[in-house]
Amino acid sequence: MQNTNAQVNVKYKAKKDGFKRMTASEIVFKVFSYFFITVFALICLYPFVYAISAALSGYDAFNRGDVVLRPVDLQFDAFLYVIKSAGFWSSYTNTLFITLYGTIYCMLIGILGGYALSKKRLFGNKFFNFILVFTMWFSAGMIPTFLNYEATKHILAGVGITDQKWLVVLAMGISAYNIILLRNAFESVPKEIEEAAIVDGANEFQIMSKVYVPMSKATVATVALFFGISRWNGYFWAKQMLGQAEFPLQVYIKSQLEFWVEGSGGDSAIWTITEFSANSMIFAMIVCAIVPIIIIYPFIQKYFAAGVNLGGVKE
C-alpha cells in the first residue's frame, strides 16, 4: 500500500514539475486545446444522446419540442415497436449480409492490390500506381458508375445469381485510398524478413499471408473498419439498384422516414392511440442501427491511429 502511494506521489510530483516548466503561452495553449477537444467531443456525442432521448420520449412531449437532453414522459413502446417489426429485421439481415461479404471481398482485393503495388519488381509499377491515384483525383462520375452496376447485374444474371445484394457487394469492391494505405504499410515491412522467408522456401502467397499481413495488422484492421462502416452505411446505390425486399438498413429507415414522418403516414390514426410519435420510432431505428458499430469499434480502435499513421506515411 505504501509503495502504491509513493508511486502516485512521484507521478503527481512529476506532472506538477512539468506543468511548472511550461511557459505561459504553452499553458494557455494546453488549456485551450483541452477545452476545445472537450467541447468538440460533447458536440459529437449530443446527436447520439438526443436520438436515445427522442426514442424514449412520449408523443406529446416530442411534438411540443420538450426533448433537449433527457427523455420526457419516459416510454419504451417505440423500441418495442421496432423490435417487433419484421421489415426492420429483414433489412438488418440484408445489411449484415452486405457488410460481412462486402468487407471480406474488399479486403481480399485491397490486400492483393496493395501487396502487388508495394513491389518495385512489378512490371509497370509506377504506371499502375499512377492510375490508382488518378482515380482519386478524377472520379468517373455517376453515369459510368451506374453502367458499371448494370454490367455487373447482367454478368451475375448470366451465371444464375438472382440475389441482387451480391451486386452491391461485388460492383464496388475497390477503394483507391484504402489500397494506398495497405501498399504503404507493406512497403514499411523490412526486406530482410522477406528474404529470410524466401530462403526458408516460402512462395509469394505465403510471404504475403504469413509475413506482410501479420506485420501490418494495425493497418489491415483499420482498413477493414473503413470498409465495414462504408458498407454498413451504404445508401445511394443500394436504393437505386435493389428492390424493396433487399433494402439494407439505411434505405429502409429512410423509406420509413419518408412515409411516416414526411408523407401521409404521419397523419395515420395509429399515432393517436400510441404513446410515442412517428419520429420516436425513427429515432429508435437509428439507435438500433448503430449498436453493432458501437460494439465493434472499441476492439478496433486500438489499431486505428497506428494503422493510419503506418499506412499513411511512406518512408
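This is a short walk through a predicted model, from its confidence values to its cores, a helix pair and two loop residues. Residues are numbered from 1 along each chain as its sequence is written, and side-chain values use heavy atoms, with hydrogens and water left out. Because the model is predicted, local features need pLDDT of at least 70 and side-chain atom pairs count only at pLDDT 80 or more, while totals for chains, interfaces and linings use all residues.

Let us begin with confidence. The protein has a mean pLDDT (the predictor's confidence in each residue, from 0 to 100) of 82, and 85% of its residues reach 70 or more. Among its elements, helix α1 (residues 2-21) has the lowest mean, 53, and α5 the highest, 91. Helices here are DSSP runs of H or I, at least four residues, numbered from the N terminus. Over residues 311-315 the pLDDT is below 50.

Now to the interior. A nonpolar core is a set of buried Ala, Val, Leu, Ile, Met, Phe, Trp, Tyr and Cys residues joined through side-chain atoms within 4.5 Å. The largest one has 22 residues, of which F79, V82, F88, L249, M281 and M285 touch the most other members. At least two residues each come from α2 (24-56), α4 (77-83), α5, α14 (249-261) and α15 (278-312), and α15 gives the largest share, eight residues. Leaving out residues up to four places away in sequence, F88 is in contact (heavy atoms within 4.5 Å) with V82, L249, Y252, M285 and C288. Another core lies apart from this one; its 16 residues include C106, M107, V211 and Y212.

Y212 leads us on to K119, since their side chains share a polar contact of 2.6 Å. Such a contact is a pair of N or O atoms within 3.5 Å; within protein, one must be able to donate a hydrogen and the other to accept it, and residues adjacent in sequence count only if both atoms are side-chain atoms. K119 sits in the loop between α5 (86-117) and α6 (125-137). With 7% relative accessibility, K119 counts as buried, where buried means under 20% relative accessible area, exposed over 50% and partly exposed in between (1.4 Å probe, protein chains only).

A second loop residue, S277, lies between α14 and α15. S277 also counts as buried, because its relative accessibility is 2%. Its C-alpha is 9.4 Å from that of A54, 223 residues away in sequence.
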